[in-house]
Amino acid sequence: MTAPESLSLAQARRVALAAQGFADPPPVGLPTRRHLRRVLDRVGLIQMDSVNVLQRAHYLPLYSRLGPYPTTLLDAAAYRRPRELFEYWGHEASLVPVGLHAALRWRMAKARDEAWGGMRRIAQEQPELVAWVRDEVAARGPLTAAEIEHDAPRETGNWGWNWSTVKRALEFLFWAGEVTAADRTPSFARRYDLPERVLPAAVLDAPTPTDAEAHRALVAIAARSLGVAAEPELRDYFRLPVAGARRAVAELVEAGELTPVTVEGWRHPAYLHATARLPRWVRGNTLVSPFDPLVWERGRTERLFGFAYRIEIYVPAPQRVHGYYVLPFLQGERFTARVDLKADRKAGVLLVPAAWAEPGVDAGETAVALAAELHRLAGWLGLSAVAPPAAGDLAVGLAAALRSVAGVP
């Protein structure tokens, strides 16, 4: 698109959705590695999270953009040769294209200063343990933390989520790029190995850019993936330092890759990427993960969509407003509902603890669209039924729509 000086809010929404891949045509037939690459090109990286109440978080962004797909497609790209993804700290814990390894080495080099406190302390206070753990991985890897721990020196007291000293040492080495994830166990534990035994040689042999070059490359990817965004959101995408991100934005503007624009209702200046598209409309109905890059930056989500969103996993149950694991429902170019979901794998049922309509939407139309999407999601998860909602202002309408979709009077 020709870069304008300003965008209406509706235009900015469509630009953002197109940049994230929601305006791309759905696959014909079963999604393939080509479709996976298309999504990765749109989103830049995929966040991981250990919560498994519905589905592991890293599988959901592909579902939201491709529909039902074999999760083995992503597993193979991340954990089988030839690897296209590797685990590292991108936004948070993430699956990152292997081509970005060099652009993230500045973060690896700063592990002793910027890794979380428990990791830094173990490196500073017990360097001999860190070296011993690395030697164990080199000699016996790939290994989980539990497979190393029984031989490790012990100390009283743990850090964080009951992490042992071995786990802290492994995570420091992971942050520093000295070990990486070979794969994951069925229980989602990392199996660590040396990068040279996991990543392609060409990736490790690629020259290391300067910090400024790396920041510029990462901001460019963030800008392409967001379409239009303010500087704090460009910085947040890869959790970049303030000064480095601001310098990168200025350099990308000078190079013509970013164009400053105003967006209706936004207080902060915005930047439009040179490849941004403005579709006439965005169609389709899909659920979006709490960890989807479309909604990472909650302030931008509210400015773009008028959708105030908060994940309430860590909120005490009596204080939750919408539920434990709530997914926004994207209907066209608006979030029209939010639904709390849980997969009861033993019973083969998708549970719906609560369903809520957004203000001003046609609740009946939204209930019908959401019911169809819940049945589609349940099928992808291998569940045979969707339970009626237990609570929420959309519960009654959604329950009726679910019965209709299932062919139940």
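Two strands pair if DSSP finds at least two bridges between them. With that in hand, here are some close-ups of this predicted model.

**Close-up 1. Strand 2 meets strand 4 in an open sheet of 3 strands.**
Start with strand 2 and strand 4 (residues 93-97): they run antiparallel, and 2 bridges join them. One residue to look for is Q47, whose bridge partner in strand 4 is S94. Zoom out a little and you get the open sheet, with strand order 2-4-3 and antiparallel pairing. Strand 2 (46-47) and strand 3 (85-89) are the edge strands, so each of them pairs on one side only. There's a helix here too: helix 4 (residues 72-79) packs on the sheet and touches strand 2, strand 3 and strand 4. The direction of helix 4 makes about 75 degrees with that of strand 3.

**Close-up 2. Strand 9 is covered on both faces.**
Here's something to keep in mind first: in a regular strand, the side chains alternate between the two faces of the sheet. Now look at strand 9 (residues 270-273), where A270 and L272 sit on one side, while Y271 and H273 sit on the other. Are these four buried or exposed? They are all buried, which leaves both faces of strand 9 covered.

**Close-up 3. Strand 9 pairs with strand 7 and with strand 8.**
Take strand 7 (residues 228-230) to begin with: it pairs with strand 9 in the antiparallel sense, over 3 bridges. In that pairing, V228 stands opposite L272 of strand 9. Strand 8 (residues 258-263) also runs antiparallel to strand 9, and 4 bridges join the two. Which residue of strand 9 stands opposite T259? That's L272, the residue that V228 stands opposite as well. Further along, V261 stands opposite A270 in strand 9.

**Close-up 4. A hairpin links strand 8 and strand 9, and strand 1 joins strand 8.**
Strand 8 and strand 9 form a hairpin, with 6 residues between them. In the turn, keep an eye out for G265, which has a positive phi of about 85 degrees. Strand 8 has another partner in strand 1 (residues 6-7). These two run parallel and are joined by 2 bridges. Look for L7 here, standing opposite V263 in strand 8.

**Close-up 5. Helix 1 is mostly covered and packs with helix 15.**
How many of the 11 residues of helix 1 (residues 9-19) are buried? The count is 8, and they are A12, R13, R14, V15, A16, L17, A18 and A19. Just after the helix comes G21, with a positive phi of about 95 degrees. The axes of helix 1 and helix 15 (residues 298-305) come within 9 Å and cross at roughly 130 degrees. That angle is why helix 1 counts as oblique to helix 15. On the helix 1 side, the contact is made by L9, A12, R13, A16 and L17; helix 15 brings R300, R303, L304 and F305. The residues of this contact divide into 6 nonpolar, no polar and 3 charged.

**Close-up 6. Helix 16 crosses helix 17.**
Two packed helices are described by the angle between their axes and the distance between the axes. For helix 16 (residues 363-380) and helix 17 (residues 395-405), the angle is about 55 degrees and the axes are 8 Å apart. That makes helix 16 oblique to helix 17. The crossing of the two is right-handed. Where they meet, helix 16 offers A367, V368, L370, A371, A372, L374 and H375, and helix 17 offers G397, L398, A401, L402 and V405. The residues of this contact divide into 10 nonpolar, 2 polar and no charged.

**Close-up 7. A343 is a buried residue in strand 12.**
A343 lies in strand 12 (residues 334-344). Why does A343 count as buried? Its relative accessibility is 8%, and buried means under 20%. Not counting residues up to four places away in sequence, A343 touches V53, L54, V349 and L383. As for L394, A343 and L394 are 51 residues apart in sequence and 20 Å apart in space, C-alpha to C-alpha.

How values were computed
Residues are numbered from 1 along each chain as its sequence is written. This is a predicted model: local features need pLDDT of at least 70, side-chain atom pairs count only at pLDDT 80 or more; totals for chains, interfaces and linings use all residues. Side-chain values use heavy atoms; hydrogens and water are left out. Buried means under 20% relative accessible area, exposed over 50%, partly exposed in between (1.4 Å probe, protein chains only). Axes are lines fitted to C-alpha atoms, for helices over the stretch in contact, and angles run from 0 to 180 degrees between N-to-C directions. Angles under 35 degrees count as roughly parallel, over 145 as roughly antiparallel, 65 to 115 as roughly perpendicular and the rest as oblique. A crossing is left-handed if the near helix is turned anticlockwise from the far one by less than a right angle, and right-handed if clockwise. Contact means heavy atoms within 4.5 Å. Ala, Val, Leu, Ile, Met, Phe, Trp, Tyr, Cys and Pro count as nonpolar, Asp, Glu, Lys and Arg as charged, and the others, Gly among them, as polar.
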